[in-house]
Amino acid sequence: MVSVNEASQIIQSIRLSPIAGSIPIEEIAGRVLAETIVTDRDLPPFDRVAMDGIAIASKEFRLNQKFLIERTHPAGAPNVTLQQDDGCIEVMTGAVLPEGTDTVVRYEDVLIQDGWATIKLDAVHAGMNIHKQASDAQHGEILLTPGTMLTSAEAALLASVGKLKVRVYEFPRTIIVSSGDELVDIPTTPEPHQIRRSNSYALLAAMFEIGWRAEINHLNDNKELITVKLREWLSAYDVLILTGGVSKGKFDFIPEVLADLGVEKLFHQVKQKPGKPFWFGQSPGGKVVFALPGNPVSTFLCFYRYIKPWIMSNLNVSFVQSQAVLSADVEFKADITYFLQVKVAQNNGTLIATPVSGGGSGDFVNLVKANGFLELPEGQTRFLAGEVYDYYSFRQA
Ligand code: AMP
Ligand code: MG
C-alpha cells in the first residue's frame, strides 16, 4: 500500500516519448503545441495607423494651424509619401503610416473644412496613435514553445505567422476496458440484477476534454477471456485504462492476470478514500496499465488526480496545482487521504469549496452536484473551515 504522494510520484516517473503530428489550425483548441513558433516578419510588420484621422509631421504643428489634406490613405493600400511638409494625409486604422509623417491625430480632435484640417489639440507628439513596427515582436522572435496549450489566443498568433498546419503532440494509443458480469452496455435493457456500464463513458468524456481519444471495450469476469484479451491489448495499445476487478472479490482477476502476463506491479492499493484498490503497472514493453477500482466515483477521481496530470506532464504541459478554501469543518477519522467532493464558488477572487455529501464511492449521481474534489491529506482527522487544500476540478465554478 502506498500513500497518495507515493502513487503520484511512481506514476509521474513513467515517461512516454510523445510523437507529434500535424493538424489544421481550425482544430487546435485544447491541443498541445509540439513545435517552436517564430515570427516570419515583424509584428506589426509596419508602422500601423492605430486611429482613423490625419497623419502629419509633428514638427509642423502650430496652434490653430491649417493643414492641407493631400489625399486619403486607406488600410490595405501600398505606402504613400507626404508631399508638402505642412500638409496632411487622411489615414484609416490599419494603414501604413505615410512617409514623412510621424503623428496621427484622431478625427475626434480635428476640424475638417473645404479640404483643410485644423487640429483642436494644444499639443501633439511624435508617435501618437501609431502602433510601431516590431513593437509587439521582432522578425525571428520565438513566440510559442512546445508544451503550450493551444487556445484562441495562440490561434491568432499562428494565423498571423502563416501557419495553416500546426504540429501538436499525439496522445498514446489507449483503450478503456470495463469489467464485470453485472454490467451491460447502454442499449441493453438491464435485468433486475444488472446495471448499465457507465465508467467507460465517463472516462471517455474526461479524456475527450483534453483531446485524448480512446477505444472502449468490456470484459466479463472470466479469467481465461481476460488473459487472452489483455495480452492482445497490451500489444495493440500503449496505455490501458481498466476499471473494475482489482479489489479482493473472488472474481477480481485483473491483478493476477496482469502479473501472469508479465506486467510489473508498481503499486497496488493507495491510502486513499475513495479508490483504495487502485493498481498500477508497466509491461516489459513499456505499456502503461492503470487498473482503477470499478466504483464510479473511484474511477472518476483517479482519472483527475493521477491520469490527467500524468498525461499532461508527458506532453510537456506545466502543471499548476489549484487550491480552494474549505467552507465548513470536516472530520475524517481514518488515517488516509480523503478526497472530498465539493461544490466551488468564487468569492472575491478566492475559490470556496463546500462539501457535497454523497452516498460514497458508488454514488455517481452526486458527481453532477460537485465541481471537483479537495484532497484532505493523511495524518490529520479534522479539517477546518478556512483552511486551504489542493483542489482537482472536473467542472468550472
Ligand atoms: P469492482 O471494482 O469490479 O469490484 O466493482 C465495484 C463496483 O463498481 C461494483 O458495484 C460494480 O458493479 C461497479 N462498477 C464496476 N465497473 C463499473 C462500470 N464500468 N460502470 C458502472 N459501475 C461499475
Ligand atoms: Mg467487478
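Partly exposed, for a residue, means a relative accessible area between the under-20% range called buried and the over-50% range called exposed. That scale comes back throughout this tour of a predicted model. K223, at 27% relative accessibility, lands in the partly exposed class.

**Charged pairs**

K223 is a good place to start. Its side chain forms a salt bridge with E256, and the closest N and O atoms sit 2.8 Å apart. The two partners come from distant parts of the chain: K223 belongs to helix α4 (residues 223–236) and E256 to helix α5 (residues 254–260), with their positions 33 residues apart in sequence. E256 is partly exposed too, at 38% relative accessibility.

Over the whole structure, a search turns up 13 salt bridges. Another one pairs D185 with R197, where the closest N and O atoms are 3.8 Å apart. Again the pair links distant parts of the chain, this time through loops: D185 is in the one between β14 (183–184) and β15 (195–196), while R197 is in the one between β15 and α3 (199–208), 12 residues away. The two ends get different labels for accessibility: D185 is partly exposed at 25%, whereas R197 is buried at 16%. R197 earns that label because its 16% falls under the 20% cut-off.

Then there's R382 with E331, a salt bridge of 3.2 Å from N to O. R382 is in strand β27 (residues 382–383) and E331 in strand β23 (residues 330–331), so this pair ties together parts 51 residues apart in sequence. Both strands fall within the stretch assigned to domain 4 (322–393). R382 has a relative accessible area of 44% and counts as partly exposed; E331, at 43%, is also partly exposed. This pair has company, as salt bridges with shared partners join E331, K333 and R382 into one network.

Here are the three pairs side by side:

| Pair | Closest N to O | Separation in sequence |
|---|---|---|
| D185 and R197 | 3.8 Å | 12 residues |
| K223 and E256 | 2.8 Å | 33 residues |
| R382 and E331 | 3.2 Å | 51 residues |

**How the domains meet**

The chain splits into four parts: domain 1 (4–18 + 171–314), domain 2 (21–42 + 142–169), domain 3 (48–131) and domain 4 (322–393). Take domains 1 and 2, whose centres, worked out over C-alpha atoms, are 33 Å apart. Domain 1 puts 5 residues into their contact, and domain 2 puts in 5 residues. What do the two domains bury between them? About 360 Å², with 70% of that on carbon and sulfur atoms. On the domain 1 side, P18, F171 and M312 do much of the work: they supply 71% of the area this domain buries against domain 2, more than any other three residues.

Charge doesn't feature here, with 0 salt bridges counted between domain 1 and domain 2. Polar contacts come to 0 residue pairs as well, counting pairs with both residues at pLDDT 80 or more. The make-up of the domain 1 side that touches domain 2 is 4 nonpolar residues, 1 polar and no charged.

**A buried serine**

Back inside domain 1 (4–18 + 171–314), S179 lies in strand β13 (residues 174–179). Is S179 buried or exposed? Buried, at 7% relative accessibility. A polar atom of its side chain lies 3.3 Å from the backbone oxygen of G244. Leaving aside residues up to four places away in sequence, the residues S179 touches include H218, D221, T243, G245 and I254.

**Backbone oddities**

Two prolines follow cis peptide bonds. One such bond joins L43 and P44, with omega about -10°, and P44 is in the loop between β2 (37–38) and β3 (48–49). The other joins K273 and P274, with omega about -5°; P274 is in the loop between β19 (272–273) and β20 (279–282).

Positive phi values turn up in residues other than glycine, too. N64 has phi near 60° and is found in the loop between β4 (53–56) and β5 (66–73). Q269 has phi near 85°, in the loop between β18 (264–268) and β19. Their surroundings contrast: N64 is exposed at 59% relative accessible area, whereas Q269 is buried at 18%.

Key: Residues are numbered from 1 along each chain as its sequence is written. Chains are lettered from A and ligands numbered from 1 in the order in which they are written. Side-chain values use heavy atoms; hydrogens and water are left out. Domain bounds come from an automatic or database domain assignment. Contact means heavy atoms within 4.5 Å. Buried area is the accessible area (1.4 Å probe) that two parts lose on being put together, summed over both. A salt bridge is a side-chain nitrogen of Lys or Arg within 4 Å of a carboxyl oxygen of Asp or Glu. A polar contact is a pair of N or O atoms within 3.5 Å; within protein, one must be able to donate a hydrogen and the other to accept it, and residues adjacent in sequence count only if both atoms are side-chain atoms. Ala, Val, Leu, Ile, Met, Phe, Trp, Tyr, Cys and Pro count as nonpolar, Asp, Glu, Lys and Arg as charged, and the others, Gly among them, as polar. Helices (H or I, at least four residues) and strands (E, at least two) are DSSP runs, numbered from the N terminus. Buried means under 20% relative accessible area, exposed over 50%, partly exposed in between (1.4 Å probe, protein chains only).
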